[in-house]
Amino acid sequence: MSYIDTVSTDVLIIGGGPSGLAASIHLADILKQRGQSKKILLIEKGRSIGSHILSGAIIKPSVFKELLPEVDLSEIPFNAKVTKDSTILLSEKSSIALPFHLPYMSNSGNYTASLGQICRYLAQKAEEKGVEIYTGFAVDEILYKDGKVIGAKTKDTGLDHHGNQLENFQAGTSIEAKLTIFAEGTRGSLTKMLIKKFNLNKDRNEQVFSLGCKELWSVPEGNIEAGRIYHTMGYPLDNDEFGGGFIYGLNDNKVAVGLVVGLDYQDPSFDVHDAFQIWKTSSFVSKILKGGKLVEYGAKTLPEGGHYAIPKLFVDNALIVGDSAGLVAMPALKGIHLAIRSGMLAAQTTADALLNNDTSEKSLQQYEKLINNSAIYKEMYAVRNFRQGLAKGLIIGGLHFGTQLITGGAGFFGRLRSQADYKTTLKVSELKKRPFKERFKGKLEFDKVLTFDKSTDVYHSGVYHDEQQVVHLQINDKENFAAVNIEQYGAPEQFCCSSEVYELHVNKAGQKELRIHAENCMHCKTCDIKSPGKGITWVVPNGGNGPDFLNM
Amino acid sequence: MALTIISLIKQVPLPSEMRMGEDGLMDRTKAKSIINIDCQFGMEAGLQLKKQYPDARLIVCSMGPGSFETSLRTAISMGYDEAFLLSDRKLAGSDTYATGLAISTMLKHLGFTKDSKEPFIILAGRQTSDGDTAHVPSQVAENIGIPQATFVESVKPDGSGNVIAKRIIEGGYQMLKLPFPCVISLTPTGIPPRKPSLSGAIKARTLKITTFGIDDIGLGTEKIGINGSPTIVAKVVNIISERPPITMSVGHNEAALVDSLISNFKKGGNVLEKKEKADKKEIERPDFPEKDFREGARGILTWAEVTNGKISRPSLELLTPARNLALQLGIDTKVMTVVIGKNVQPLAQTLIEHGSDEVILVENDKLEEYLVLPFSSIFAQVIKARNPEIALFAATTSGRELAPRIGMKTDSGVTADCTGLEIGEYVDKKEKVIYKPILESRRPTYGESKLATILGFVCPQISTARAGTFEVPKLIEGRKGIISVFSPVLNDKDFVVEILKTERGEGGLQNLFSADIIISGGRGTLADNLGLIKTLAEALKSQGVNAEWASSRPVVDEGIVEYARQVGQTGKTIRPKIYIAVGVSGAIQHIAGMKESEKIIAIDHNPKAHIFHYADFGIVGEYADIIPELIERVKAGYKFGIEAKKNL
């Protein structure tokens, strides 16, 4: 059965998040205006649109007016409009509201939202405009011809753990496209290959990431008003750990809470999920959640290397958009409007390229020009050194950010370099500070009322993976993994993972083994980013696998 | 002469995906719909057949609301060519009889009759997860008048126009050769359904699904829908769990976890807090006239299934409800038992001593092994001659295909897999009559969470009784009864299906019913092919404990363990003193077979495993770590408090 199915399309969009959907919508609109008819195919690996979408989320609505000029904003399923926005300096028992907003952190006029809901809405709009959306298909191979991208191929299914074909083997479908838009989201697995193949991050900073763990709660009336939002700094993070919490009051007595932590932390035993649980026990947060119930859990990473970490976003016949492109504005961690805008600019570029029948790199260079002339550039350039500054620790970083404000983003040093997150993890023996478990001794017993262990949280994500497939979390250097990652680093994968995929099993004889429970995987890709020595590669599992977020 | 492969599918809610709403109740609105799992295996079997018949036309059919189109499109995306949906409001409330009738009428309308010139094969799932009756495939086969094989694990063409089906039977399997056209129902075994392909999904997007109403296929309303169905669901009540909350073991390694288990076990675990139930008010019985709808039908007919020259245990169990019903119906009600086979006369006295009043012998050399076509024909003839009011079958794989095929011949409905059979009455408020006496067949449904009472209004009222539910009645030595001989008309056409091989292992493994401890390995123990499970059982045996090992369905499906050791709804229902489930996820069908155990210990690496909801004691851990530890303890003399027996 070596027969390969092939389908063809004018435009292939890989990923059904805000950037991919925006690209499809805007492209369909432009083509319609020009009276052109082109096939637009959008493929999403989640079971449905929104299944793999997670965000805070606070959304700047203005970009939707541009994307959907014919639509009244009230039609878009935002949640509550932001009524009051405070930044809280948090400690375990106390909280101080900062009397001012940090620059670039103001949220007046913005909306809270479930980004999954927004995406479902956008998908509906896209389909109305003639975009063909297929969900539950994983794309795991870029197709090339003469060294140029000519499309992509969906994953073969019906393989056993070793990759042997089973009787129900179904060959993937090759999708030949005049132009492919990579909209895979954060740390896209194909985008990663594309960047590597064409060396697209040459002379750019390494991309750095944060991991955000989020829970959606239902709380008693009166705990928090809809539209009331808080961002917290401080507890439980140390000064050298970059990040903070968020609390967004939603309609119907729901509240979204989460903690976002930069993955450049040094402690190999640091655990963002557990830190998030500890954060909830602070008197300020626990008061808001009191009497409530966990509804959903999820996690995702965010690229936050900023301006200097954006790779080259175009090659012959292909463009990169949204989180895959690293388009997230610091320090507010806002990427949705940038994702949508980048999708629209990619659409504009694509439409012109199709019109001129020229999808070459030269033609697609227009995309970069459009970005540089857009609000994306202005937003990201102004804060281009923010994250790198913070990598030096919150206090120095804060100072540095201050000078950036004065110097218009340049800071003292022009361009700060950042190093990849997997390099910042220290060996157990190198760590000078108290390891995570000691720092929070006595706080890591989760009561399953306010705080939850990873398994319980994972249960609230709807996650599912087919049993019959090659394990999608691959140990790259099997020979040395135990000696290095387990022995020297203490198997940090078990801690950095947001969802109990990795378990360090020690038997009675003291032998250690890292067990991989791939079925729990939240598709956040933290292990791919953070495992020391690039220990783990995340490859896309079967389509339809992964979490099934409803309102994240 | 291109072959047509027809797949019958049903769309069902996915129980495992139902989420708990904030009020603590199941949020059914968010439950996703899927193609019934067994049907998916039927679909895959069709796609596999296509490998041998590359020219075959693959069509998929369903009956249900318009929303079922989603599943039909999924079938297209997996590789099917055409889709047909029978959708009509008038079909709402149809029971299995009416469903079988409607689907076969649609198929006949499409040109698939027993006299079709072009060969075809109908593939269906064994049963649906929201109905669990396994009736429809048999009923469709009977209606079209073609051979069938149900509970089939695999189906392969033999290269000369036949298919070879591997059918599960009690204690083993059978290889059957069937000609085209035929109906095959697939168990969820062997080859799991493939994933849709993108090219298929693109095709499915625009493919026209042909939708029929009942008028389009020339089906009248007399025998369908809620009014035309021969059976109704009279009552549904919740099944309340009788098991206290689980006690989980704690510890950081296997030794500590096992210590914790032993200590918890000694303490006895949690105790169920009994809540006082409010007395329900007696509903006043209206003053309607009573109606006896039996029209002279009298007596209870049962089938004594013969395996390996003996009456099978479930058939003996059947005599318990039969006698009980006879008692409720009145002293002159006879229990008649049909035995079909070769040289089966010596079995008659056993049946009488277990409670039959009359044994009806049907003996013929051609009838040595069960075959659904001649057996159903014989039963139809016996029923015509004796006119019983009730016919009971054990819900074995044979009973569950035989009963619905007979029911189709007698226009009776069938109630599947009952756990309770009583005589009662039915107050029909519309007609203002009270039907009395009537058979109340009770069966668990909706994933064993509810108990439904089903009534049939056509005699004989047919039910199958779940094996292991009723005790084998006490043998009364010297009990007297009549032995009579019945000579049916046998039709050669009923012998077109050939039995190539019958394989029964270990005599149906009767000792599973008497063991004190049963260690059961699930899918999670496939890594060593249940090696550790067997070792633990052996260790207990050498300590003098009456222990045995068993498995859950996926392990049997994998072909690692013979069917006789399968515990669960489609396997054995057992009630040992201690049931140790290892690597068993706890599918509801498995729970059905073991939930009556006195104490249940669950060991699984997945803390979310459903099995923990049904166990008294639990360990979360890898079985490969925990079981060796347990084996060591047993070797050192630990016996779970079970007394050793001598001479084992």
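Okay, so let's start with the open sheet in chain B that has six strands, in the order β15-β34-β33-β32-β30-β31, with parallel pairing. This is a predicted model, by the way, so please hear everything I say in that light. At the edges of this sheet we have β15, residues 247-248, and β31, residues 547-551. Each of those has a single partner strand, so one side of each is left without a neighbour in the sheet.

Let me zoom in on one pair. Strand β32 of chain B, residues 578-582, is joined to strand β33 of chain B, residues 599-604, by five bridges, and the two run parallel. If you want a spot to click on, take B:Ala581, whose bridge partner in β33(B) is B:Ala602. Then there's a helix over this sheet: α13 of chain B, residues 531-542, lies across β30 (517-521), β31 and β32 of that chain. Relative to β31(B), helix α13 runs at about 165 degrees.

Right, second sheet. Chain B also has an open sheet of seven strands, ordered β23-β27-β22-β17-β20-β21-β28, and here too the pairing is parallel. Which strands stand at the edges? Those are β23 (414-418) and β28 (482-485) of chain B; each pairs with a single strand, so each has one side left without a neighbour in the sheet. On average, neighbouring strands here are turned by 25 degrees against each other, direction ignored.

Inside that sheet, six bridges link β20 of chain B, residues 335-341, to β21 of chain B, residues 358-363, and these strands run parallel. One position to look at is B:Met336, which stands opposite B:Glu358 in β21(B). Packing on the sheet we find helix α11 of chain B, residues 372-386, touching β17 (300-304), β20, β21 and β22 (390-394). The direction of α11 makes about 150 degrees with that of β20(B).

Now let's step back to domains. Chain B is split into domain 1 (4-229), domain 2 (247-274 + 506-635) and domain 3 (290-502). The centres of domain 1 and domain 3 of chain B, taken over C-alpha atoms, are 28 Å apart. Their contact involves 29 residues from domain 1 and 27 residues from domain 3. On the domain 1 side, α3 (96-109), α4 (136-144), β9 (148-157), β10 (162-169) and β11 (172-179) of chain B each put in at least two residues. The largest share there is six residues, from β11(B). By class, that side has 12 nonpolar, 12 polar and five charged residues.

One helix pair before I finish with chain B. Helix α2, residues 69-78, packs with helix α5, residues 198-206, at an angle of about 140 degrees, and their axes are 7 Å apart. So that makes α2(B) oblique to α5(B), and the crossing is right-handed. Who makes the contact? From α2(B) we get B:Arg73, B:Ile76, B:Ser77 and B:Met78, and from α5(B) we get B:Gly200, B:Ala201, B:Lys203 and B:Ala204. That comes to four nonpolar, two polar and two charged residues.

Last thing, the two chains. Chain A brings 23 residues to the contact and chain B brings 20 residues. Elements of chain A that each supply at least two residues include β1 (5-14), β12 (173-182) and α14 (454-459). The most comes from β11(A), with three residues. By class, the chain A side has six nonpolar, 12 polar and five charged residues. That's me done, thanks!

How values were computed:
Residues numbered from 1 in each chain as written. Chains lettered and ligands numbered in written order. Predicted model: local features only at pLDDT ≥ 70, side-chain atom pairs only at ≥ 80, totals over all residues. Domains from an automatic or database assignment. Contact = placed C-beta atoms within 7 Å. Helix = DSSP H or I, 4+ residues; strand = E, 2+ residues; numbered from the N terminus. Nonpolar A, V, L, I, M, F, W, Y, C, P; charged D, E, K, R; others polar. Axes fitted to C-alpha atoms, helices over the stretch in contact; angles between N-to-C directions. Parallel < 35°, antiparallel > 145°, perpendicular 65-115°, else oblique. Left-handed = near helix turned anticlockwise from the far one by under 90°. Pairing = 2+ DSSP bridges.
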